Amino acid sequence: MISGAAVAVGLGVVALVLLAGAFVAAARRGGRRSARRSPAGTSPARAVPAGTAPPPAGTAPPPASPSGPEAGHAGVDDPDPRAIKVGDTIECQGVRSRVMGALYLSWQGNQWTEYLLDDGSRRDRWLSIETRPGSDDALHLEVLLWTRVPTQGMIPAKTTLTVEGVEFFPVERGTAAFRGEGVSMPERGLLDFADYRAADGRLLSFERLQGHRWRSFHAQPLPPGSITFHRRADLA
């Protein structure tokens, strides 16, 4: 017969195993919340209903449910930027640009789209749109404007970098698969990236198509109401 002390010890071991399992599960859930391109200090503005499956790369998902505008995210009354297509014309912060191409990217379960913009100034600018998990486990829409930064052949190191007098700390790096659409876009390929963040929340990203040189960009979160777009047919 098993003594009462032995039963107590056995129950204690079982309890410890269950607690350890719960801790590991929570840690894994927390890790999945760390999505690419998430500047510090931004909070979600538009939530996608729970259980909504992410759309296939290159397609626009249905409009999401609003929950109060914040900088860096689409506002409640704004046109849904996920509906932007190659050939459209967008207006952002008073500047009109043509959407010349798009990269539909995926990395470790995260999917986002980067649109190549042409505003006639020969500046290398991209608009990125990503639906990502927030701190409340709901999905939120994030919109960032990326502008090319001259770094004179700098290679993204795994340590801190100083660009234009600002110190940036490494956040994450990896290789994303993509499908391209539009002018001068490869049909498919791999994109290396390395993201850095400054103490004030500014984001710096290095990217390169495999086989090409590194290019660097600063990110600017877009406030509500800063994007409108027109279909190519509407402008004809």
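# A tour from tryptophan 107 outward

Start by selecting tryptophan 107: its relative accessibility is 10%, so this residue counts as buried. Keep in mind as you click around that the model is predicted.

**Stop 1: the rings around tryptophan 107**

Add phenylalanine 193 to the selection. Which kind of aromatic pair do tryptophan 107 and phenylalanine 193 make? The ring centres sit 5.0 Å apart and the planes stand at 90 degrees, so this one is edge-to-face. Phenylalanine 193 is buried too, with a relative accessible area of 1%. Colour by strand and you'll see that the pair links distant parts of the chain: tryptophan 107 belongs to strand 4, phenylalanine 193 to strand 10, and 86 residues separate them. Now bring in Trp112, which joins Trp107 and Phe193 in one aromatic cluster.

Stay on strand 10 and pick tyrosine 196 together with phenylalanine 206. These two also form an edge-to-face aromatic pair, with 5.9 Å from centre to centre and 75 degrees between the planes. Tyrosine 196 is in strand 10 and phenylalanine 206 in strand 11, so the pair ties together parts 10 residues apart in sequence. Buried or exposed? Both tyrosine 196 and phenylalanine 206 are buried. The structure has 3 aromatic pairs in all.

**Stop 2: a salt bridge between strands 10 and 11**

Next, show arginine 208 and aspartate 192 as sticks. Their side chains meet in a salt bridge, 3.0 Å from N to O. Arginine 208 lies in strand 11 (residues 203–209) and aspartate 192 in strand 10 (residues 188–198), so this contact ties together parts that are 16 residues apart in sequence. The two ends differ in cover: arginine 208 is partly exposed at 28% relative accessibility, whereas aspartate 192 is buried, with a relative accessible area of 10%.

**Stop 3: zoom out**

Switch to cartoon for a moment. You should be able to trace 2 helices and 13 strands. Of the 236 residues, 39% count as buried. If you build a contact map, residues 24 or more positions apart account for 55% of the contacts with a separation of 6 or more. Put a surface on: the protein exposes about 12900 Å², with carbon and sulfur atoms supplying 57% of that.

**Stop 4: the cores**

Which members of the largest nonpolar core touch the most other members? Select Ile84, Tyr115 and Leu127, which do so within a core of 17 residues. Strands 3, 4, 5, 6, 7 and 13 each supply at least two residues of this core. For a second look, there is a separate core of 16 residues that includes Leu103, Trp126, Trp146 and Ala176.

Now centre on leucine 127 and display its contacts. Leaving out residues up to four places away in sequence, leucine 127 touches a list that includes Ile84, Ile90, Tyr115, Val143, Leu145, Leu222 and Ile227. Thr113 and Glu114 are also among the residues that leucine 127 touches.

**Stop 5: strand 6 and its two partners**

Select residues 125–133, which make up strand 6. How many of its 9 residues are buried? The count is 7, so strand 6 is mostly covered.

On one side, strand 6 pairs with strand 5 in the antiparallel sense over 6 bridges. To find the register, look for glutamate 114, which stands opposite serine 128 in strand 6. Strands 5 and 6 form a hairpin with 6 residues between them, and glycine 120 in the turn has a positive phi of about 85 degrees.

Then turn to strand 7. Strand 6 and strand 7 pair in the antiparallel sense over 9 bridges, and proline 133 has leucine 139 in strand 7 as its bridge partner. This is another hairpin, with 5 residues between the strands, and here aspartate 137 in the turn has a positive phi of about 75 degrees.

**Last stop: the charged trio**

Finish by showing the side chains of Asp119, Arg123 and Arg125, which are linked in a network of salt bridges. Arginine 123 and aspartate 119 have their closest N and O atoms 2.5 Å apart, while the bridge from aspartate 119 to arginine 125 comes in at 3.5 Å, N to O. Is each arginine buried or partly exposed? Arginine 123 is partly exposed, with a relative accessible area of 41%; arginine 125 is buried, with 9%. If you'd like to hunt down the rest, the structure holds 9 salt bridges.

Notes
Residues are numbered from 1 along each chain as its sequence is written. This is a predicted model: local features need pLDDT of at least 70, side-chain atom pairs count only at pLDDT 80 or more; totals for chains, interfaces and linings use all residues. Side-chain values use heavy atoms; hydrogens and water are left out. Helices (H or I, at least four residues) and strands (E, at least two) are DSSP runs, numbered from the N terminus. Buried means under 20% relative accessible area, exposed over 50%, partly exposed in between (1.4 Å probe, protein chains only). Contact means heavy atoms within 4.5 Å. Accessible areas come from the Shrake-Rupley method with a 1.4 Å probe; for residues, only the protein chains shown count as cover. A nonpolar core is a set of buried Ala, Val, Leu, Ile, Met, Phe, Trp, Tyr and Cys residues joined through side-chain atoms within 4.5 Å. A salt bridge is a side-chain nitrogen of Lys or Arg within 4 Å of a carboxyl oxygen of Asp or Glu. Rings of Phe, Tyr and Trp (its six-membered ring) pair if their centres lie within 6.5 Å; planes under 30 degrees apart count as stacked, over 60 as edge-to-face and the rest as tilted. Two strands pair if DSSP finds at least two bridges between them.
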